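Here is a short briefing to read alongside the model. Have the sequence and the 3D view open, and we will go through the main features topic by topic.

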Amino acid sequence: MEDDVTRVTHDREEFATRAAGVRRDQALVVALVGEHAGRKYKLGKSATLGRSSATTIPIIDEHASRLHAEIEKDDEGYYITDLGSRNGTTVNGATITRHRLAFGDRIQVGDALYLFTHYDPLEEQIVQRQKLEAIGRLGTGIAHDFNNLLAAVNATVEYLAELDGDLTLSDDDVQECLADITTASRRATEVTQRLLGFARHTDNPHGLVDISSLLGEVTQLARRTFDRRIEIVGDLNKKLNVDGDRTRLHQMFMNLCINARDAMTEGGVLRVSATLLEDVPPIMEGQTLAPPLLITVSDTGVGMDEQTRRKAFEPFFSTKPGKQGSGLGLATVYEVVKNHGGQIQIESEPGRGTCFYIYLPASVHQGRRQLETLTHSVVTGPRKENLRILLVDDEDIVRRSGARVLKSAGHRVVEARDGEEAMLACAACVPDIVLLDMNMPGKNGEETFVRLRDRHPELRVLFVSGYWDEHQEERLNAQGAAGFVQKPYRVEELLSAISQHAG
């Protein structure tokens with residue numbers, strides 16, 4: 001088998017030193033866990049780590065020394081030196097005195113863990129371009145799915161309009177129609193939210209990532225958008241976590257699935273699996289002391305010959321005809337794997353499909369809470385009614401439908417089309433809570449929020465939007481926002497959020 005199928009494993013630093021203008025002297029340290037988790041530190045000639053506020057990378061940890069370790073740069077790159085600390089410094093689990101750093105190394109000082117990776121100001125632009133390209137390649141499947149859902153909704157609505165006028169909402173035919181419309185709406189919502197999550201340009205911090213859940217989202221999006229002749233099979237163990245960037249990992253797995261889809265033009269089987277290994281495989285020796293996760297993405301497509309396998313991860317290499325691909329998909333995959341301290345291999349031969357093996361260090365901080373959005377679960381208990389609610393949304397149909405729901409729940413609703421109308425409504429009578437759309441012409445939701453809070457400091461404002469951004473959320477929370485409900489929402493979610501935040 002080894003004579004027929006070549007497993008391609010690239011050197012740890014090869015991609016980082018040749019891809020898209022990345023230079024050896026550009027480096028970044030990212031805090032993976034601890035008080036400063038997610039914070040990024042661009043490295044210059046030198047940097048110090050320790051509990052002292054005078055250090056370049058301050059550590060809030062009693063197990064760290066005041067001046068614990070130093071990272072310095074020479075002509076060959078970066079190295080780290082332990083400065084006689086009381087508890088030592090480790091790199092990839094091994095205690096060091098002085099160590100040459102390579103991209104993907106993990107540095108531990110006390111309980112704080114850092115990732116040493118490359119820095120490139122153009123990298124995010126390249127990554128975003130590749131994401132947009134991937135969205136374009138998903139476009140046909142998305143359009144097909146939405147057309148089917150819209151056709152079902154339109155046909156059902158027309159059927160309802162032609163029913164006997166004596167029928168009531170409790171009639172079986174009416175209930176079945178309403179259930180079908182609800183199902184179609186939820187499926188469209190699912191595709192839209194996953195697509196937005198994939199496309200969104202964010203600078204997400206590292207944190208605990210549930211790989212099992214992430215792969216479930218990726219395979220679900222693939223089922224909704226890929227050719228129906230492709231069977232998608234998931235074999236995912238639960239509760240598999242890594243420390244990493246959720247957005248970049250999502251993009252990596254989506255790229256692999258799209259690559260598999262493109263290799264199966266006549267249909268086939270796409271299989272995704274994830275498990276925790278029992279031992280450290282040879283390919284991960286020196287990078288982790290604990291058994292890593294193994295994720296495989298395989299297809300039954302056209303496969304690759306030896307020459308293609310050897311070039312697969314090179315930037316701008318593509319076997320697709322014409323301008324169908326930029327050659328950044330697998331290059332991005334390789335980059336993400338390496339930046340998470342992992343390894344990747346290919347097993348493939350012409351006519352027999354391809355399998356990618358991705359090894360990622362398992363998180364040793366399984367109990368750490370994952371970042372969550374401000375979407376609300378339904379709370380139990382008595383619901384507040386007869387509240388005065390100001391509903392601000394520039395879309396008439398959205399505003400009217402929201403007002404109907406709120407009124408039917410016993411609330412008094414005042415509607416406003418934009419920020420100016422909202423200011424006038426609050427001047428006339430301050431509401432119990434404001435439901436404020438984020439994206440509006442003129443003054444957007446955030447600008448309107450600032451003006452409303454300046455005049456009415458105690459005003460409760462709940463943002464309602466189809467776009468969620470973690471940094472914007474933190475900024476608005478610091479300014480006193482009550483919370484966030486993501487569109488499209490379920491009625492119970494909206495009413496529950498209002499009861500929770502109306503004071």
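How are α9 and α10 oriented relative to each other: roughly parallel or roughly antiparallel? The two helices pack at an angle of about 15 degrees, and angles under 35 degrees count as roughly parallel, so α9 and α10 are roughly parallel to each other. Please keep in mind that this is a predicted model. The protein has twelve helices and 23 strands, and buried residues make up 51% of its 503 residues. Among contacts between residues at least 6 apart in sequence, 68% join residues at least 24 apart.

**The α9 and α10 pair**

- Two packed helices are described by the angle between their axes and the distance between the axes.
- Helix α9 covers residues 419–428 and helix α10 covers residues 445–455, and their axes are 10 Å apart.
- The crossing of α9 past α10 is right-handed.
- On the α9 side, the contact is made by G419, E420, A422, M423 and C426; on the α10 side, T448, R451, L452 and R455 take part.
- A427 also belongs to helix α9, and at 58% relative accessibility A427 counts as exposed.
- From A427 to R455 the distance is 8.8 Å, C-alpha to C-alpha, with their positions 28 residues apart in sequence.

**The five-stranded sheet and its helices**

- Strands of a sheet pair through backbone hydrogen bonds, either parallel or antiparallel.
- An open sheet of five strands follows the order β13-β15-β16-β18-β17, with mixed pairing.
- At its edges are β13 (230–236) and β17 (343–348), each of which pairs on one side only.
- From one strand to the next, the twist averages 10 degrees.
- Within this sheet, β15 (residues 268–276) and β16 (residues 293–299) run antiparallel and are joined by seven bridges.
- If you want a place to look along that pairing, R271 stands opposite S298 in β16.
- Helix α4 (residues 211–225) lies across β13, β15 and β16, and runs at about 170 degrees to β13.
- Helix α5 (residues 246–262) packs on the sheet too, touching β13, β15, β16 and β18 (354–360). The direction of α5 makes about 170 degrees with that of β18.

**Helix α12 and the strands β22 and β23**

- Which residues of helix α12 (residues 491–501) are buried? They are L494, L495, S496, A497, I498, S499 and H501.
- These buried residues pack against four strands and a helix named as follows: β19 (388–392), β21 (433–437), β22 (461–465) and β23 (483–486), together with α8 (396–408).
- Two of those packing partners, β22 and β23, run parallel and are joined by four bridges.
- Across that pairing, S465 stands opposite Q486 in β23.
- In a regular strand the side chains alternate between the two faces of the sheet.
- In β23, G483 and V485 point one way while F484 and Q486 point the other way, and all are buried.

**A buried polar contact: D105 and N92**

- D105 sits in the loop between β9 (98–100) and β10 (106–109), and with a relative accessible area of 1% D105 is buried.
- The D105 side chain makes a polar contact of 2.8 Å with the side chain of N92.
- N92 is itself a loop residue, between β7 (89–91) and β8 (94–96), and is buried with a relative accessible area of 9%.

**Positive phi values**

- Most residues other than glycine have a negative phi, and most peptide bonds are trans.
- N92 has a positive phi, near 55 degrees.
- K239 also has a positive phi, near 60 degrees; K239 is in the loop between β13 and β14 (241–244).
- Is K239 buried or exposed? With a relative accessible area of 67%, K239 is exposed.

**A contact far apart in sequence: K73 and K45**

- K73 is part of strand β5 (residues 69–74), and with a relative accessible area of 25% K73 is partly exposed.
- K73 and K45 are 28 residues apart in sequence, yet 5.2 Å apart in space, C-alpha to C-alpha.

Key: Residues are numbered from 1 along each chain as its sequence is written. This is a predicted model: local features need pLDDT of at least 70, side-chain atom pairs count only at pLDDT 80 or more; totals for chains, interfaces and linings use all residues. Side-chain values use heavy atoms; hydrogens and water are left out. Buried means under 20% relative accessible area, exposed over 50%, partly exposed in between (1.4 Å probe, protein chains only). Contact means heavy atoms within 4.5 Å. A polar contact is a pair of N or O atoms within 3.5 Å; within protein, one must be able to donate a hydrogen and the other to accept it, and residues adjacent in sequence count only if both atoms are side-chain atoms. Two strands pair if DSSP finds at least two bridges between them. Axes are lines fitted to C-alpha atoms, for helices over the stretch in contact, and angles run from 0 to 180 degrees between N-to-C directions. Angles under 35 degrees count as roughly parallel, over 145 as roughly antiparallel, 65 to 115 as roughly perpendicular and the rest as oblique. A crossing is left-handed if the near helix is turned anticlockwise from the far one by less than a right angle, and right-handed if clockwise.
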